[in-house]
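Q: Please take a close look at one part of this structure, the packing of two helices. Add a short account of a strand and its partners.

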Amino acid sequence: MTMALALARQAEQSGEVPVGAVVVWGNQVIGRGANSPIQSRDPTAHAEILALREAAAKVGNYRLEGACLYVTLEPCVMCAGALIQARIDRLVFGARDLRFGAVRSKFRLADSELLNHRVEIVEGVLGADCLALMKNFFSTRRG
């Protein structure tokens, strides 16, 4: 999660919402992502999607069975869907996203019994740090 936080800070330095994500397979980091939809002019350039793309390219398969995704903020609907499609085994996230969160706050997509794949979810890891980063980012934008 500390690596994901560092990526979130990089996103913040670029003027993006500070979200970072890391895919780990075994003991190896195989994918990294920092939010960049503004800079890349790509609405799908969320940290999780970028980390999944890099991981899939590295292993040569879109299925990432056995992998764990660490992300600083609860994934949105798009990212939760991508976790399911990639067959991610475990999601570890820091802070809930009360407006758009799709694995706990608004929806429970990633471990829904209606779907053919369920992701194990662990929340709150370095949650205070992740939440402080988000609050600081938005307070400086709005204040």
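A: The helix pair comes first, then the strand.

This is a predicted model, in which local features need pLDDT of at least 70, side-chain atom pairs count only at pLDDT 80 or more, and totals for chains, interfaces and linings use all residues. Residues are numbered from 1 along each chain as its sequence is written, and side-chain values use heavy atoms, with hydrogens and water left out.

Helices (DSSP runs of H or I, at least four residues) and strands (runs of E, at least two) are numbered from the N terminus. The axes of helix α3 (residues 47–59) and helix α4 (residues 77–86) cross at roughly 20° and come within 9 Å. That makes α3 roughly parallel to α4, a term for angles under 35 degrees. The axes are lines fitted to C-alpha atoms over the stretch in contact, with angles running from 0 to 180 degrees between N-to-C directions. The crossing of α3 and α4 is left-handed, that is, the near helix is turned anticlockwise from the far one by less than a right angle.

From α3, Glu-48, Ile-49 and Leu-52 meet Met-78, Cys-79, Ala-82, Leu-83 and Ala-86 of α4; contact means heavy atoms within 4.5 Å. By class, this contact of α3 with α4 has 7 nonpolar, no polar and 1 charged residues.

Strand β3 (residues 67–73) is largely enclosed by the rest of the structure, because 6 of its 7 residues are buried (under 20% relative accessible area, 1.4 Å probe, protein chains only). Strand β1 (residues 20–25) runs antiparallel to β3, joined by 5 bridges, and Ala-21 stands opposite Val-71 in β3. Strand β4 (residues 90–95) runs parallel to β3, also with 5 bridges; there Val-71 stands opposite Phe-93.

Conventions
Parallel < 35°, antiparallel > 145°, perpendicular 65-115°, else oblique. Nonpolar A, V, L, I, M, F, W, Y, C, P; charged D, E, K, R; others polar. Buried < 20%, exposed > 50% of the residue type's maximum accessible area, 1.4 Å probe, protein only. Pairing = 2+ DSSP bridges.
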